[in-house]
Structure formats: C-alpha cells, structure tokens
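Hello,

Here is the structure I promised to hand over. Please open it first, then read my notes alongside it.

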Amino acid sequence: MVDGLDNVVFVTEARPEDGSLDLLGLYDGVAITERGQYGFGELPDRIILYREPLADVSEDLDDLKDQIHITLVHEIAHFYGIDDDELHRLGWA
C-alpha cells in the first residue's frame, strides 16, 4: 500500500475510449494538491490500466511487468499532483 493513497480504485480496461493504443494508463480524479473540500461521499478517483496498449508495447512478460510498474508509478504520481514534465525529468514518463 502507498501511504496517503486514499479513496482510489485501480481498474483495467481493454483500451481508452478513443480506441487508440497510445495511452497506457490514466489517472481520473483530482490531485490532492488541487482539492478544496474533499470528504464524505466523494466517488473514488480511478487509476486505469489499459491492457491492449500495455501488451502492444511489451516484448515479453517481463517487459509487460516493467511497463505496468512504470505506468502505475506515473499515474499514482498524478494523484499526488506531480505533472508530466516533472515525471519526464524524474525518468517516469
């Protein structure tokens, strides 16, 4: 478990809504750095992993595991308010 990662669900879907293979994952929610009042009754944020794009960029099972790990770190970082530029700088893009 990741400290402070509350009210988040992890789901998988075949592909993004547009059907592309370009997006490996998505954080669907409001980063904790941007939340005003947040409390009882909010639907959970979602971190979505897209199965087909992840499989498409992976050469084998070990590569798939690595891609899933990188994608999860990337999307969890968005929950904490870390943007894509910072993730690229840190090597998690």
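What follows is a short tour, from the overall fold to single residues.

**Model and confidence**

This is a predicted model. The mean pLDDT of the chain is 91, and 95% of the residues score at least 70. Helix α1, residues 51-57, has the highest confidence, at 98. Confidence is lowest in α3, at a mean of 92.

**Overall fold**

The chain has three strands and three helices. From the N terminus on, the order is β-β-β-α-α-α. Along the principal axes, the C-alpha atoms fill a box of roughly 45 × 30 × 25 Å. The chain holds 93 residues, and 27% of them are buried. Take the contacts in the chain with a separation of 6 or more: 67% of them join residues 24 or more positions apart.

**The largest pocket**

The largest pocket encloses about 200 Å³ of space. Its lining comprises 16 residues. Leu24, Gly25, Thr71, His74 and Glu75 lie nearest the centre. Three elements give two or more residues each to this lining: β2 (25-28), α2 (61-79) and α3 (84-90). Helix α2 gives the largest share, with six residues. By character, the lining divides into seven nonpolar, six polar and three charged residues.

**His74**

Start with His74, one of the residues nearest the centre of that pocket. His74 sits in helix α2. Is His74 buried or exposed? His74 counts as buried, because its relative accessibility is 13% and the cut-off for buried is under 20%. A polar atom of the His74 side chain lies 2.8 Å from the backbone oxygen of Trp92. Beyond its neighbours within four places in sequence, His74 is in contact with Asp84, Leu87, Trp92 and Ala93.

**The loop between β2 and β3**

Three residues in this loop are worth a look: Arg35, Ile32 and Glu42. The strand that follows the loop, β3, covers residues 45-50.

Arg35 is buried, with a relative accessible area of 18%. What does the side chain of Arg35 reach? It reaches the backbone oxygen of Val30, at 2.7 Å. Leaving aside neighbours within four places in sequence, Arg35 is in contact with Tyr27, Val30, Asp45 and Phe79.

Ile32 is partly exposed, at 37% relative accessible area. Not counting residues up to four places away in sequence, Ile32 touches Phe79 and Tyr80. Phe79 is thus named twice here: it is in contact with Arg35, and Ile32 touches it too. Ile70 is another matter. Ile32 and Ile70 are 38 residues apart along the chain, and 21 Å separates their C-alpha atoms.

Glu42 counts as partly exposed, at 33% relative accessibility. How far apart are the C-alpha atoms of Glu42 and Asp63? They are separated by 36 Å, and the two residues are 21 apart along the chain.

**Asp83**

Asp83 is found in the loop between α2 and α3. Its relative accessible area is 43%, so it is partly exposed; that class runs between 20% and 50%. A polar atom of the Asp83 side chain lies 3.3 Å from the backbone nitrogen of Asp85. Asp83 and Ala31 are 52 residues apart in sequence, yet 9.9 Å apart in space, C-alpha to C-alpha.

**Asn7**

One backbone angle deserves a check on your screen. Asn7 has a positive phi of about 60°, although it is not a glycine. Where is Asn7 placed? Asn7 belongs to the segment before β1, which covers residues 8-13. Asn7 is partly exposed, with a relative accessible area of 33%.

**In brief**

The chain runs β-β-β-α-α-α. Its largest pocket takes the largest share of its lining from α2. His74 of that helix is buried, and its side chain has a polar atom 2.8 Å from the backbone oxygen of Trp92. Arg35 is also buried, and its side chain reaches the backbone oxygen of Val30. Asp83, Ile32, Glu42 and Asn7 are partly exposed.

Best wishes

How values were computed:
Residues are numbered from 1 along each chain as its sequence is written. This is a predicted model: local features need pLDDT of at least 70, side-chain atom pairs count only at pLDDT 80 or more; totals for chains, interfaces and linings use all residues. Side-chain values use heavy atoms; hydrogens and water are left out. On a 1 Å grid over the protein atoms alone, a cavity is a set of points where a 1.4 Å probe fits but cannot get out, and a pocket is an open set with protein on both sides within 12 Å along at least five of seven lines; lining residues have an atom within 4 Å of a point. Grid points are joined across faces, edges and corners, and a volume is the space filled by probe spheres set on the points. Helices (H or I, at least four residues) and strands (E, at least two) are DSSP runs, numbered from the N terminus. Ala, Val, Leu, Ile, Met, Phe, Trp, Tyr, Cys and Pro count as nonpolar, Asp, Glu, Lys and Arg as charged, and the others, Gly among them, as polar. pLDDT is the predictor's confidence in each residue, from 0 to 100. Buried means under 20% relative accessible area, exposed over 50%, partly exposed in between (1.4 Å probe, protein chains only). A polar contact is a pair of N or O atoms within 3.5 Å; within protein, one must be able to donate a hydrogen and the other to accept it, and residues adjacent in sequence count only if both atoms are side-chain atoms. Contact means heavy atoms within 4.5 Å.
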